[in-house]
Amino acid sequence: MSYFFQLVVSGIVVGSIYALSALGFVLIYKSSRVLNIAHGQIIAAGAFITYALTVWVGIPIYIAFLASMVITFFLAMSVERVFLRRLIGEPIISVIMVTIGLMSILDGLIYLTPFGTENFSFPHFLPETPITFAGISVSWTQMVGVITTFAMIGGFSWFFKKSTLGISMRAVSDDQLASMSIGISVPRVFGLAWAMAGLSAAAAGAIIGNITGINFDTLHAFGIIVFPVVILGGLDSILGAVVAGIIMGLIQQFASGYLDGNWGLNGTGEVMPYIVLLVILLFKPHGLFGIHEIERV
Amino acid sequence: MSSNRWLATGNYFTSYKEEQRIFFTSLDRTAMALLLLCLFAWPLVVSVDNKYMLVIDNILVAVIAVMGLNLVTGFAGLISIGHAAFVGVGAYTIASFARVMGENHILLTHAWPLMILVAGCMGAIFGAIVGLPALRLKHLYLAIATLSFQMIFQWTINFMNFFNQGQTIAVSRVTWVTGQVTRSQHYTFWYYAILVFIVLCGFAVRNLLRTRYGRCLVAVRDNDRAADAMGMHPGFTKVYAFGLAGFLAGVAGALHAYLYRGVGIESFTLHHSISFLAMAIVGGLGTLHGSFWGPVAIKLLDLQVERLSEWVGNHLTIATNLATALKPLSFGLVIVLFLMFEPRGIANWWRIARSYVKLWPFRY
């Protein structure tokens with residue numbers, strides 16, 4: 001039984017990181033209807049910046065964490081300004097393809113830095129003995145990661161519910177023309193959405209980097225693995241991202257915990273989310289919390 | 001038609017049937033015939049190194065695959081991020097025949113055109129299955145469905161013993177009327193074989209676009225509600241677009257398997273799917289000859305970048321990472337620049353050049 005609970009706990013840990021990564025997609029999609037496929041690369045950039053600031057520059061890790069969030073904020077904003085601004089109003093294929101091209105460009109730029117090919121790990125700054133309770137153990141980094149994740153998600157939900165800027169972003173997602181006519185600058189909102197996605201990406205990158213170590217391959221894989229999460233949750237719901245992230249984390253952990261090694265199966269954790277995704281697409285296309293905008297054709 | 005049929009400066013159609021022709025003018029038809037003649041004749045005149053012949057064959061295989069992708073993405077407007085997986089389905093169909101019957105079985109070596117068609121049908125079946133969500137979904141969600149097929153495909157191949165867990169599965173040399181194709185003839189032989197398939201597929205696609213089924217695709221892309229109102233079934237049209245794309249991808253995959261005399265998972269990864277998409281975009285979405293320009297441009301760019309990074313690596317010792325960085329960087333830049341400045345692709349340049357030559361010496 002403790003094996004089961006251990007799987008539940010690690011599922012929640014993995015799931016909350018998925019939720020934080022998925023948040024970036026949701027923020028961008030919510031306001032501008034763009035699916036940013038290059039999000040994994042931005043997550044990786046966030047992790048690399050944090051590492052460079054702590055280890056190479058020597059700033060304390062908490063400040064480096066905040067500083068990298070600020071840097072990625074402006075990085076993502078400038079990405080939107082340079083590449084996406086021209087494409088407002090273009091067909092959806094072009095927009096998706098630009099983010100795919102962006103993915104490739106960022107890949108190339110990251111390979112130019114020492115981070116592209118090597119493994120790094122953050123210096124330890126938390127107690128190394130894991131927290132153990134009734135046979136279930138959680139490491140401190142995981143604990144802090146989960147808490148940070150939920151704090152950030154809470155912050156974003158508050159931002160969208162209460163603040164003027166958040167409300168104007170919701171207005172733009174509802175109706176661009178109407179919000180333009182009451183004086184909201186739609187391009188600025190798009191830029192802000194990207195910047196906030198960059199913010200959450202940097203946080204996700206730093207947390208993942210702390211838990212699993214910094215490796216470009218694992219980090220940018222998060223950009224792809226998060227698709228099933230956002231689809232399950234509904235593309236434009238923050239709550240959906242959280243719930244779906246945790247569900248996907250649990251599915252993945254249970255699959256690799258119980259299916260691997262039995263019946264000659266291996267690596268099911270990697271493929272299970274996609275199988276679930278295909279089934280969901282067939283039966284509940286708008287996800288758990290997405291709005292019902294998809295008409296049947 | 002103008003009085004001199006060789007110097008037509010515009011289209012002077014008097015009947016609907018004239019407008020429906022494959023070749024609008026005699027010049028077009030003659031040029032096409034000459035082009036085909038050149039394509040078939042040049043290996044007889046110029047002898048090419050096997051290394052370069054392989055590159056050319058590779059481009060030709062990509063042309064068939066991109067033709068399929070152009071059908072589904074360019075004409076029907078459905079983004080497919082899993083096209084390499086469909087190509088892989090075709091290749092692995094050949095590989096599994098080799099696995100079950102032994103690689104030297106007479107069906108594989110003698111009846112290879114049949115095998116290629118079987119692989120195409122297999123691709124079509126998988127394409128239609130993956131396209132099934134199209135009955136209920138649009139746009140993005142469909143793109144992600146194809147992405148998940150790509151992932152599931154890679155996992156299946158990597159993990160099943162039957163597929164050698166992604167390691168290379170050998171496919172034997174084929175036999176033609178002159179006997180077994182030897183090592184020195186291999187690439188030239190496949191150049192001809194692939195060229196024949198390209199010509200067949202190209203004419204098939206061109207003809208398809210003149211029929212109601214082809215126009216269905218375009219109508220559904222442009223406005224699926226209007227298409228629905230006109231009596232087409234958008235959902236089935238999309239599924240059928242996926243099926244057609246799968247067929248062409250399957251053919252390309254089978255040709256790939258025979259050309260390399262083996263199948264391995266590393267030729268059918270997500271990266272390849274993305275580069276197929278890039279080829280379709282650079283060539284020009286929604287045009288038939290775009291599917292010829294795109295693979296040529298992207299593959300040649302790849303080759304030149306490789307050469308450049310080799311040169312840089314020889315001269316600068318610090319720039320070891322530069323070689324790995326240049327490839328994705330240039331690739332991504334090409335996609336983004338094309339989308340930002342020439343979303344209609346190289347096909348548009350061709351169109352402009354063509355109309356200039358056609359109208360010369362008049363401006364318009």
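This is a friendly conversation about a predicted model, going from salt bridges to the overall build of chain A.

Biologist: How many salt bridges does the structure hold over all chains?

Modeller: There are 4 of them, counted over all chains. As background, side chains of opposite charge can pair when their charged atoms come close.

Biologist: Let's take one from chain A. Why is the pair Glu80(A) and Arg85(A) called a salt bridge?

Modeller: The closest N and O atoms of Glu80(A) and Arg85(A) are 2.9 Å apart. The cut-off is within 4 Å, for a side-chain nitrogen of Lys or Arg and a carboxyl oxygen of Asp or Glu, so this pair counts.

Biologist: Is Glu80(A) buried or exposed, and how do you know?

Modeller: Glu80(A) has a relative accessible area of 2%. Buried means under 20%, so Glu80(A) is buried.

Biologist: And what makes its partner, Arg85(A), partly exposed?

Modeller: The value for Arg85(A) is 24%. Partly exposed covers what lies between buried, under 20%, and exposed, over 50%, so Arg85(A) belongs there.

Biologist: Over to chain B. What makes Lys238(B) and Asp224(B) a salt bridge?

Modeller: Their side chains meet at 3.6 Å, N to O, and the limit is within 4 Å, so the pair qualifies. Lys238(B) sits in helix α11 (residues 234–260) and Asp224(B) in helix α10 (residues 224–229) of chain B, with their positions 14 residues apart in the sequence. Both Lys238(B) and Asp224(B) are buried.

Biologist: What about Lys327(B) and Glu306(B): how do you know that they form a salt bridge?

Modeller: Their closest N and O atoms are 2.9 Å apart, and that is within 4 Å, so the definition is met. Lys327(B) lies in helix α14 (residues 320–341) and Glu306(B) in helix α13 (residues 290–315) of chain B, so the pair ties together parts 21 residues apart in sequence.

Biologist: Are those two side chains buried or exposed?

Modeller: Both fall in between: Lys327(B) is partly exposed at 33%, and Glu306(B) is partly exposed at 40%.

Biologist: What makes Arg261(B) stand out?

Modeller: Arg261(B) has a positive phi of about 55° although it is not a glycine. Most residues other than glycine have a negative phi. Arg261(B) lies in the loop between α11 and β4 (262–263) of chain B, and is partly exposed, with a relative accessible area of 31%.

Biologist: Back to chain A as a whole. Which elements does chain A have?

Modeller: Chain A has 11 helices and 2 strands. From the N terminus on, the order is α-α-α-α-β-β-α-α-α-α-α-α-α.

Biologist: How do you know that the radius of gyration of chain A agrees with a compact globule?

Modeller: With 297 residues, a compact globule would have a value near 19 Å, and chain A has 19 Å, so the two agree. The C-alpha atoms of chain A fill a box of roughly 60 × 50 × 35 Å along the principal axes. Buried residues make up 57% of the 297 residues in chain A.

Biologist: What is on the outside of chain A, and how are its charges placed?

Modeller: Chain A exposes about 12400 Å², with carbon and sulfur atoms supplying 68% of it. Chain A has 11 positive and 13 negative side chains, and the centres of these two sets lie 15 Å apart.

Conventions: Residues are numbered from 1 along each chain as its sequence is written. Chains are lettered from A and ligands numbered from 1 in the order in which they are written. This is a predicted model: local features need pLDDT of at least 70, side-chain atom pairs count only at pLDDT 80 or more; totals for chains, interfaces and linings use all residues. Side-chain values use heavy atoms; hydrogens and water are left out. Buried means under 20% relative accessible area, exposed over 50%, partly exposed in between (1.4 Å probe, protein chains only). Helices (H or I, at least four residues) and strands (E, at least two) are DSSP runs, numbered from the N terminus. The radius of gyration is taken over C-alpha atoms; the globule rule is 2.2 Å times the number of residues to the power 0.38. Accessible areas come from the Shrake-Rupley method with a 1.4 Å probe; for residues, only the protein chains shown count as cover. Lys and Arg count as positive and Asp and Glu as negative; His and the chain ends are not counted. The place of a charge is taken as NZ of Lys, CZ of Arg, CG of Asp or CD of Glu.
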